[in-house]
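Hi,

Here is the structure I said I would pass on. Have a look at it first, and then read my notes underneath.

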Amino acid sequence: MHAVYMPTLQAVMGPHAYMFQRYGISPHDDVDTAVEKLQRNAPHLARLLKEAVFRSYPLFSL
């Protein structure tokens, strides 16, 4: 069994992760969960987060 490391929102965005709380996302949520939640209410932020993850962790694709 293999485990896949999915970074948290805070690991990717640093202190800016707390901005996402207004959209119901905890800074301690993993990025995949955050993107799913953002797709409904703020798709522009979901795209931003995907881009940030791709630049910080190039092996990930959401």
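Below is what I found, going from the whole chain down to single residues.

First, a reminder that this is a predicted model. The protein chain has three helices and zero strands, so to speak an α-α-α pattern when you read along the sequence. Of its 62 residues, 32% count as buried. The accessible surface comes to about 4300 Å², and carbon and sulfur atoms hold 55% of that. As for contacts with a separation of 6 or more, 34% of them join residues 24 or more positions apart.

Now the inside. The largest nonpolar core contains 16 residues, and L9, M13, F20, L38 and L49 have the most contacts within it. Helix 1 (9-13), helix 2 and helix 3 (43-56) each give two or more residues to this core. Helix 3 is the top contributor, with five. That fits the usual picture: in soluble globular proteins, nonpolar side chains tend to be buried together.

Helix 2 is worth a closer look. It spans residues 31-41, and V31, A34, V35 and L38 are buried there. Viewed down the helix axis, the buried residues of helix 2 sit within an arc of 100°, which means they line one face of the helix. At the start of helix 2, a side-chain oxygen of D30 comes within 3.2 Å of the backbone nitrogen of D32.

And what does L38 touch, leaving out residues up to four places away in sequence? The list is F20, Y23, I25, P43, L45, A46 and L49.

Cheers

Terms used: Residues are numbered from 1 along each chain as its sequence is written. This is a predicted model: local features need pLDDT of at least 70, side-chain atom pairs count only at pLDDT 80 or more; totals for chains, interfaces and linings use all residues. Side-chain values use heavy atoms; hydrogens and water are left out. Buried means under 20% relative accessible area, exposed over 50%, partly exposed in between (1.4 Å probe, protein chains only). Helices (H or I, at least four residues) and strands (E, at least two) are DSSP runs, numbered from the N terminus. The arc is that of the directions from the helix axis to the C-beta atoms. A polar contact is a pair of N or O atoms within 3.5 Å; within protein, one must be able to donate a hydrogen and the other to accept it, and residues adjacent in sequence count only if both atoms are side-chain atoms. A nonpolar core is a set of buried Ala, Val, Leu, Ile, Met, Phe, Trp, Tyr and Cys residues joined through side-chain atoms within 4.5 Å. Contact means heavy atoms within 4.5 Å. Accessible areas come from the Shrake-Rupley method with a 1.4 Å probe; for residues, only the protein chains shown count as cover.
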